[in-house]
Amino acid sequence: MLYGLTVICAFLLAGELLSRLAGVPVPGAVLGMLLFTGWTMWRKDIEPRVARVGAGLLRYLPLLFVPAGVGLIELGPRLAQEGVAMIAVLVLSTAITLGVTALTLQWLLRRRSRG
Amino acid sequence: MVDPAAHWHEATGWLRAYPGLWLVVTGAVFLLADKLFRAGGRFALLNPVLLSILALIAILHGFGVSYADYFAGAQMIHLLLGPATVALAMPLYLNLHHVRAWLVPLTLALAVGCVVGMVSALALGQLFGLSPATLLSFAPKSVTTPIAMALAAHQGGIPALTANVVILTGVLGAVAGLPLMRWLKVDDPMVQGFALGVAAHGIGTARALQESETAGAFGGLAMGLNAVLTSLLLPLILAFWPGL
């Protein structure tokens with residue numbers, strides 16, 4: 001388990017370092033994900049010892065957002081001022097973004113499979 | 001003879017200061033919420049992230065604990081977000097053949113989703129009369145927290161508000177995303193995952209991953225690409241946006 005965690009964290013550090021050195025507006029973790037993808041493409045498989053740890057982390061991915069999510073507790077005062085409008089904007093905008101993206105991609109894929 | 005009340009007080013005082021306390025409570029609350037979600041047939045409103053956040057906020061309020069004290073313990077869980085994001089490379093690698101085959105549709109859908117995400121937040125925000133600083137904090141809401149906060153700070157928004165808004169967007173997407181897409185007759189797990197990643201970043205991706213590995217792979221991919229594209233396009237859109 002330590003081996004897998006070390007490899008994954010090494011990619012994370014490499015991503016963070018690259019993000020700062022290159023000055024690109026991409027989070028280090030996302031760059032780490034791309035570097036890790038490149039490594040598996042080069043190897044043509046995922047090393048089992050790393051895969052076990054990765055699967056364990058992904059299994060609990062929703063949990064990892066909870067500590068940041070509890071930060072909503074500090075939204076209280078602002079909610080009192082603009083709360084209803086803020087929630088309305090968020091709900092509508094998120095639903096529109098989801099719906100439009102999903103329908104666009106589905107339409108493009110269907111058009112392609114027909115043509 | 002030890003006074004039991006004082007003894008209890010001393011012990012709970014130690015417990016309150018012990019950093020592992022909130023780690024354990026967060027884990028236990030999430031496990032319970034996840035159990036409830038599964039027992040309830042994955043009913044959208046029983047989303048474990050939503051339930052856990054609400055329960056923990058209630059607990060902190062009940063015991064008068066500040067968020068800073070809570071986070072000091074729970075940040076060990078938060079720190080695992082980095083390695084978990086890197087691990088999203090695994091489902092992505094297993095689905096690379098799909099990505100290669102559908103490169104053009106995926107790119108177009110990403111561009112559309114990215115622009116719609118920002119423009120809908122700005123337009124609706126103005127319609128509902130949000131203040132300019134709030135509006136700027138809302139614009140990058142669909143991308144992963146570190147990028148969204150940096151963008152908000154750079155454009156004159158409020159990074160702390162953006163952090164909250166990003167989380168709310170993710171939870172909304174995770175809760176309502178799949179029911180909404182089923183209603184729109186979008187059933188392809190790849191399309192569902194991609195849309196969740198574009199609109200609701202990591203929390204949407206986590207929800208997609210609960211459905212299938214393919215959906216999760218496209219969520220992770222969409223989340224990463226949308227972070228890049230939003231960083232590039234937001235300054236442009238704001239430069240030409242009327243009334244800002």
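Leaving aside neighbours within four places in sequence, which residues is Leu92(B) in contact with? The first legend below takes that up, and the others walk through further spots in this predicted model.

**View 1. Leu92(B) and its surroundings in helix H6.**
Leu92(B) sits in helix H6, which covers residues 89-94 of chain B. Setting aside its neighbours within four places in sequence, Leu92(B) is in contact with Thr37(A), Val99(B), Ala217(B) and Leu221(B). So one of those partners, Thr37(A), belongs to chain A. With a relative accessible area of 4%, Leu92(B) is buried, since the cut-off for that word is under 20%. If you want a longer reach across chain B, look from Leu92(B) to Ala199(B): they are 107 residues apart in sequence and 18 Å apart in space, C-alpha to C-alpha.

**View 2. Helix H12 and its kink at Ala200(B).**
Here's a helix that really doesn't run straight: H12(B) has a kink of about 145°, centred on Ala200(B). How far does H12(B) span between its end C-alpha atoms? Just 8 Å, while a straight helix of 23 residues would span 33 Å at 1.5 Å a residue. H12(B) is also largely enclosed by the rest of the structure, because 21 of its 23 residues are buried.

**View 3. Helix H13, with a milder story at Leu233(B).**
Helix H13 takes in residues 213-240 of chain B, and its 28 residues should span 40 Å at 1.5 Å a residue. Its end C-alpha atoms are indeed 40 Å apart, so the expected span and the modelled one agree. There's still a bend to spot: a kink of about 35° lies at Leu233(B), shortly before the proline Pro235(B).

**View 4. Thr144(B), a buried loop residue.**
Look in the loop between helix H9 (132-138) and H10 of chain B, and you'll find Thr144(B). Is this residue buried or exposed? Thr144(B) counts as buried, because its relative accessibility of 15% falls under the 20% cut-off. Once neighbours within four places in sequence are left out, Thr144(B) is in contact with Pro27(A), His201(B) and Ala227(B). Among them, Pro27(A) is a residue of chain A.

**View 5. Gly156(B), in the loop between H10 and H11.**
Gly156(B) lies in the loop that joins helix H10 (145-155) to H11 in chain B. At 44% relative accessibility it counts as partly exposed, because that value falls between the 20% and 50% cut-offs. Apart from neighbours within four places in sequence, Gly156(B) is in contact with Ala133(B) and Leu136(B). Now follow the chain along to Met181(B), 25 residues away from Gly156(B): their C-alpha atoms are separated by 34 Å.

**View 6. Two loop residues with positive phi, Arg42(B) and Lys185(B).**
What is phi of Arg42(B) near? It's near 55°, a positive value in a residue other than glycine. Arg42(B) is found in the loop between helix H2 (20-39) and helix H3 (48-63) of chain B, and at 32% relative accessibility Arg42(B) counts as partly exposed. For Lys185(B), phi is near 65°, again positive in a residue other than glycine. Lys185(B) has its place in the loop between helix H11 (159-183) and helix H12 (189-211). Lys185(B) counts as exposed, because its relative accessibility is 60% and the cut-off is over 50%.

**View 7. Asp34(B), a charged residue tucked into helix H2.**
Asp34(B) belongs to helix H2 of chain B. Its relative accessible area is 12%, so Asp34(B) is buried. Not counting residues up to four places away in sequence, Asp34(B) touches Pro48(B) and Gln210(B).

**View 8. Stepping back to chain B as a whole.**
To place the close-ups, it helps to see the chain they come from: chain B has 13 helices and 0 strands. Its C-alpha atoms fill a box of roughly 75 × 45 × 30 Å along the principal axes. Of the 244 residues in chain B, 52% are buried. Among contacts in chain B with a separation of 6 or more, 67% come from residues 24 or more positions apart. The accessible surface comes to about 10,500 Å², and 73% of that belongs to carbon and sulfur atoms. As for charges, chain B has 9 positive and 8 negative ones, and their mean positions are 11 Å apart.

Note on methods:
Residues are numbered from 1 along each chain as its sequence is written. Chains are lettered from A and ligands numbered from 1 in the order in which they are written. This is a predicted model: local features need pLDDT of at least 70, side-chain atom pairs count only at pLDDT 80 or more; totals for chains, interfaces and linings use all residues. Side-chain values use heavy atoms; hydrogens and water are left out. Helices (H or I, at least four residues) and strands (E, at least two) are DSSP runs, numbered from the N terminus. Buried means under 20% relative accessible area, exposed over 50%, partly exposed in between (1.4 Å probe, protein chains only). Contact means heavy atoms within 4.5 Å. Accessible areas come from the Shrake-Rupley method with a 1.4 Å probe; for residues, only the protein chains shown count as cover. Lys and Arg count as positive and Asp and Glu as negative; His and the chain ends are not counted. The place of a charge is taken as NZ of Lys, CZ of Arg, CG of Asp or CD of Glu. The expected span of a helix is 1.5 Å times one less than its number of residues. The bend at a residue is the angle between axes fitted to the seven residues ending there and the seven starting there.
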